[in-house]
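I opened this model to look up a few things and keep a record of them. The entries follow the order in which I looked.

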Amino acid sequence: MKILTKHPKVVQFLVLLTAFFALCLLISPSDSNFLWRLPPLLEHLPFIINDSVRYLMFDWMPIQVYDPVIEDYEEKPLFREMTRTVSSLFLFIINFVREIFLGGNKTVVAFTSWDFINDNPWARWPALPWTVIAGWAIILGYKLQGRGLAILAGVCTIYVAIFGQWKPSMETLSFVMIAAPVSVLLGLVLGIWAYRNKLVETALNPLLNVAQTMPHYSYLVPVIVLFGVGDHAAAIATIVFATPPMVRLTLLGLKKVPSDIVDSGMMSGCNRFQLMFRVLVPTARRDILIGVNQVVMQCLAMTVIASFIGAQGLGSNLMIALNSLRVGTGIEIGVCIVLIAVMLDKMSLAWANKQTDYFANLNFVQRNKLLLIAAVVFVVGVILAFVGSYLFRDGFNYLYIVPHNKGITTAPLWQATVDWIWDTFFYVLKSFNEFLITSILVPMKNMYLAMPVAATFLLMMGTGYILAGLRQALIIGGFLLFIALSEYWDRALITAYIASFAVIVSAVLGITIGSLCAQSNAASKFLLLVCDFLQTFPSFIYLIPVIMLFGITDTSVIIATVVYATVPAARYTVEGLRSVPQVLHDAGSMLGVSRLQRWVSIELPLAFPHIMLGVNQTVIFALFMVIIGAFIGTTDLGQLILKAISDPQGTGIGLTLGLCVAFIGLAVDQIIRTWANARKKALNLA
Amino acid sequence: MSASTNTVIKCESVYKIFGNNAKDILAESNGIVDSQKFLEAGLIVGVNDVSFEVKQGELLVIMGLSGSGKSTLLRCISRLTDATAGKIFVDGQDLLELNQKQLIELRRNKMGMVFQSFGLLPHKTVLENIAFPLQVKGISTRDSIQRALEMIRLVGLEGRDTYFPRELSGGQQQRVGIARSLAVEPDIWFLDEPFSALDPLIRKEMQDEFLRLQSVLSKTIMFVTHDFDEALRLADRIAIMKDGVVEQLDTPSNIVLHPATEYVRKFTEDVPREKVLTVESVMDLADESEPLGDLKVSVDAIVESVAEDILGQEKPVAVVDSNNKIVGTLHSSHVIKVLFGGRSQETPKR
């Protein structure tokens with residue numbers, strides 16, 4: 001009894017659970033019973049959204065536009081003209097960059113016409129030989145940081161070339177090189193604006209919350225409607241997705257700038273512009289650079305998803321490979337994406353950290369040494385390409401552009417490995433798969449589906465109330481209500497079940513691994529390094545090896561999700577445990593606690609709020625991955641979103657479904673984050 | 001101490017009150033502010049009816065414990081925050097009337113400031129930090145770097161120009177802060193607890209360095225500190241603040257000898273007098289009849305510095321002013337009183 005009076009929250013939880021189970025037993029499952037399932041009052045929401053978008057696109061604000069073909073003014077809706085202009089602008093830039101890499105005639109067309117091209121077949125931009133681009137990448141890496149980055153750039157470009165992924169890689173790169181800078185700029189601008197203006201911050205905050213928890217897929221449909229299909233649409237979808245973390249981190253970084261530095265900037269006589277761009281932004285650069293890194297990662301993660309709406313490049317190839325179970329090719333493409341991600345990440349980091357040397361007294365040649373070498377590389381590369389055209393007279397000129405899938409490939413090797421694994425472990429894998437599905441997943445799924453809606457509300461809002469207070473409980477109730485009133489409650493429950501299963505496994509795994517590694521310096525460092533490395537992988541990559549082992553099943557999705565979502569749990573656990581002050585360790589040791597006691601009664605309680613923030617991340621990561629998993633076949637919300645892409649009514653459905661997923665994430669996020677922050681404050685950690 | 005009569009900074013009834021509608025509430029109170037009552041109304045009084053003048057070349061120290069409003073006062077005068085009411089004149093210009101552009105001009109050319117936690121830009125090297133105010137002004141990279149190098153030499157950081165702030169010790173970082181604040185050759189120098197974040201030994205060293213710089217540069221200085229010893233050591237005049245009010249503004253010796261309030265007296269209790277009092281404040285007025293010894297001491301000398309010599313004399317010592325005119329005499333008994341006597345017997349003779 002004593003324990004109950006000492007911990008009132010435990011009592012509250014017990015009461016809550018009793019009430020929850022009572023409701024589960026008492027409420028009979030029938031469609032007319034509102035306590036069992038709420039009526040889908042919001043079922044028309046998708047259509048309302050659709051109609052509004054349609055109205056906006058086709059009827060709103062007609063303006064007179066001069067049409068050169070019919071040589072007269074024509075009435076066109078303003079909004080569509082705007083999106084068209086944006087589309088063509090993006091398309092032009094993407095093609096321009098792409099043709100610098102790969103050659104082509106679209107840029108020429110943009111300034112002339114297709115007729116001109118047909119009459120003048122010479123009028124096309126030649127591709128740069130891959131040797132030149134590889135050389136330039138190496139020089140750039142050297143210039144930015146030194147030998148290490150040069151080697152990385154070399155390995156990356158040469159790998160891409162000799163494995164025959166040159167063309168799709170350059171396509172992907174050209175689209176990332178547009179999407180990433182635009183996202184970074186947009187994020188910076190919005191972040192700065194929010195920093196300057198409290199009102200903007202307040203308005204942006206919920207938008208960012210939703211945008212960051214909406215699954216990637218749900219952006220695709222509206223983008224198709226507004227901007228059509230193609231690389232530009234993919235770039236725009238990517239920008240929409242990659243900008244929110246940049247805004248967040250910019251704002252966070254700016255807010256963290258010490259007031260002394262702001263004051264010193266003012267007293268140095270900075271005007272507003274100088275204060276922002278020479279004092280505030282550079283001082284906040286650590287966080288802003290994390291933002292840039294996130295943008296690059298998001299862009300590469302989106303390459304695959306964006307291939308649904310017509311992005312060319314590695315993503316669409318990877319999707320095709322995975323769909324046809326060509327795991328070997330999939331692995332090679334995956335490595336390509338990871339390499340490009342790592343290279344871009346390191347280069348942007350090095351660029352931002354670059355220093356100027358004021359004292360070097362150099363002559364022209366010394367100062368422009370690398371530029372001159374780059375020019376030499378260009379000439380040599382072109383000559384090599386010409387030589388190549390004689391060497392490889394009948395086939396492909398390997399010194400110019402290694403054609404797609406004509407490079408070295410290790411795919412048969414991987415395929416053989418997969419076959420061997422299947423042959424050898426077929427029964428083991430199959431029985432594991434069956435065990436997981438029949439003994440754990442299906443019963444769990446049925447349990448979730450057997451929950452009356454009233455009980456779910458009680459459980460979630462009650463937990464929110466106990467841990468985070470009334471305000472949070474009401475917010476959570478609002479999120480749930482939206483899902484419950486939509487048509488997708490049952491699907492949402494399925495999503496929740498897969499996600500929560502993955503979260504439980506990931507959290508247990510991550511906290512265990514993290515706690516073990518936190519015991520030694522070397523192990524913690526190593527684990528953080530591994531986490532860094534794993535987080536550079538776009539989410540799709542995780543699917544490749546599991547498909548290799550388990551084929552296209554729910555098990556694959558769950559395992560990929562678990563691996564993906566364990567990373568934040570492990571990282572936050574290590575960070576949390578390592579940040580327990582040394583003096584407390586010492587105090588504990590002097591009090592004579594054993595290692596286990598120290599861990600249980602000193603380290604864990606202090607690190608727990610931070611660990612919970614890690615679990616929060618795990619939830620978001622798991623939701624993302626579960627939705628992405630739809631693409632290899634699960635039956636939850638994700639699959640519906642995927643279907644919506646090819647549905648003419650898709651915009652509204654896609655957005656509604658996206659909001660459902662986002663709200664599941666946000667409901668959990670509200671509870672954990674509020675609790676963890678309050679707890680941190682109570683422990684004097686914040 | 002050679003203060004000319006030019007007034008550089010002048011404050012007239014400056015108030016700084018934090019909170020909503022501070023201006024209106026202050027206007028209603030007719031300038032009589034009770035910080036306790038204001039606090040109950042949700043307002044925090046930072047600076048309360050402060051008026052003073054700083055002459056050219058003078059070093060005014062503002063002393064007070066944390067929360068006394070000393071830094072707020074300095075921020076008002078540098079206009080990092082806007083005073084709620086009152087007038088602040090810098091070189092005769094009303095600071096609060098300046099628009100943003102004029103204010104930036106003023107800061108670029110006339111003001112330099114040193115901060116407690118240095119306020120160095122973490123992404124710039126020592127050299128770039130010092131050159132920053134110049135570059136902001138639009139001076140070419142070449143010239144600003146040249147000037148920054150001179151400043152590095154002035155504060156004794158040669159060879160560290162390519163270091164980043166994080167690679168320097170606290171004392172070195174503050175040298176950078178000092179060099180940066182002096183780079184534009186300002187007339188007015190603000191220092192906001194510049195040495196408080198440093199270790200005692202380094203602090204002493206930096207104070208010496210500061211006095212050396214001031215003897216070369218003769219700026220008009222406002223120096224904020226919570227350290228009474230530091231104030232005594234450096235100041236021409238000290239303003240002691242409590243709850244936003246200036247309790248006393250006077251020379252160090254007068255503050256020690258005549259504390260105006262109980263609060264000030266508490267600070268002065270443990271101060272070693274010989275380190276503060278000047279010969280002038282303990283001498284007898286010149287008496288023609290008295291036979292004097294050969295030794296002459298300056299009116300401005302601190303008692304401690306001449307005590308040993310005076311105690312060695314049998315006759316009273318002549319006290320001379322800067323024109324070598326005898327203005328008073330000093331008996332060894334006075335010196336003994338300062339050194340060993342209780343505070344009650346101490347009556348300054350002028």
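What follows are my entries, from whole chains down to single residues and strands.

**Entry 1: the chains**

I noted at the outset that this is a predicted model. I started with chain A and found 30 helices and two strands. I then compared its radius of gyration, 28 Å, with the 26 Å that the globule rule gives for 686 residues; the two are close, so chain A is as compact as a globular protein of that length. The C-alpha trace of chain A spans about 90 × 70 × 65 Å along its principal axes. Of its 686 residues, 44% count as buried. I also looked at contacts in chain A between residues at least 6 apart in sequence: 74% of them join residues at least 24 apart.

I went through chain B in the same way. Chain B has 14 helices and 14 strands. Its radius of gyration is 23 Å, which agrees with the value near 20 Å for a compact globule of 350 residues. The C-alpha trace of chain B spans about 65 × 55 × 35 Å along its principal axes. Buried residues make up 42% of the 350 residues in chain B. For contacts between residues at least 6 apart in sequence, I noted that 67% in chain B join residues at least 24 apart.

**Entry 2: where the chains touch**

How many residues of chain A are in contact with chain B? I found 17 residues of chain A in contact with 19 residues of chain B. On the chain A side, α13 (259–267) and α14 (272–283) each supply at least two residues. Helix α13(A) gives the most, with six residues. By class, I recorded eight nonpolar, six polar and three charged residues on the side of chain A that touches chain B.

I then picked out B:Arg107, which lies in helix α4 (residues 100–109) of chain B. Is B:Arg107 buried or exposed? I put the cut-off for a buried residue at 20 or more other C-beta atoms within 10 Å. B:Arg107 has 25 other C-beta atoms within 10 Å, so I entered this residue as buried. Leaving aside neighbours within four places in sequence, B:Arg107 is in contact with A:Met267 and A:Gly269. I also checked B:Arg107 against B:Arg79: they are 28 residues apart in sequence, and their C-alpha atoms are 9.7 Å apart.

**Entry 3: helix α16 of chain A**

I turned to helix α16 (residues 314–323) of chain A. Eight of its ten residues are buried, so the helix is largely enclosed by the rest of the structure. I listed the buried ones as A:Leu314, A:Gly315, A:Ser316, A:Asn317, A:Leu318, A:Met319, A:Ala321 and A:Leu322. What covers these buried residues includes α9 (166–196), α15 (285–306), α17 (327–352) and α25 (543–550) of chain A. Just after α16(A), I noted that A:Leu325 takes a positive phi of about 60°.

**Entry 4: a loop residue in chain A**

I looked up A:Pro121, which sits in the loop between α6 (114–119) and α7 (130–144) of chain A. A:Pro121 has 8 C-beta neighbours inside 10 Å and therefore counts as exposed. From A:Pro121 to A:Gly265 I read 58 Å, C-alpha to C-alpha, with their positions 144 residues apart in sequence.

**Entry 5: strands of chain B**

I took strand β9 (residues 237–242) of chain B next; five of its six residues are buried. Which strand does β9(B) pair with in the parallel sense? The parallel partner is β3 (residues 59–63) of chain B, over four bridges. Within that pairing, B:Val61 has B:Ile238 as its bridge partner. β9(B) is also joined by five bridges to β10 (residues 245–250) of chain B, and these two run antiparallel. There, B:Ile240 has B:Gln248 as its bridge partner. β9(B) and β10(B) form a hairpin with two residues between them, and B:Asp243 in the turn has a positive phi of about 50°.

My last item was an open sheet of four strands in chain B, with the order β11-β14-β13-β12 and mixed pairing. The edge strands are β11 (284–285) and β12 (296–298), each pairing on one side only. β11(B) runs antiparallel to β14 (residues 326–330) of chain B, with two bridges joining them. In β14(B), B:Gly328 stands opposite B:Leu285.

Definitions and conventions: Residues numbered from 1 in each chain as written. Chains lettered and ligands numbered in written order. Predicted model: local features only at pLDDT ≥ 70, side-chain atom pairs only at ≥ 80, totals over all residues. Buried ≥ 20, exposed ≤ 12 C-beta atoms within 10 Å, placed from the backbone. Contact = placed C-beta atoms within 7 Å. Nonpolar A, V, L, I, M, F, W, Y, C, P; charged D, E, K, R; others polar. Rg over C-alpha atoms; globule rule 2.2 N^0.38 Å. Pairing = 2+ DSSP bridges.
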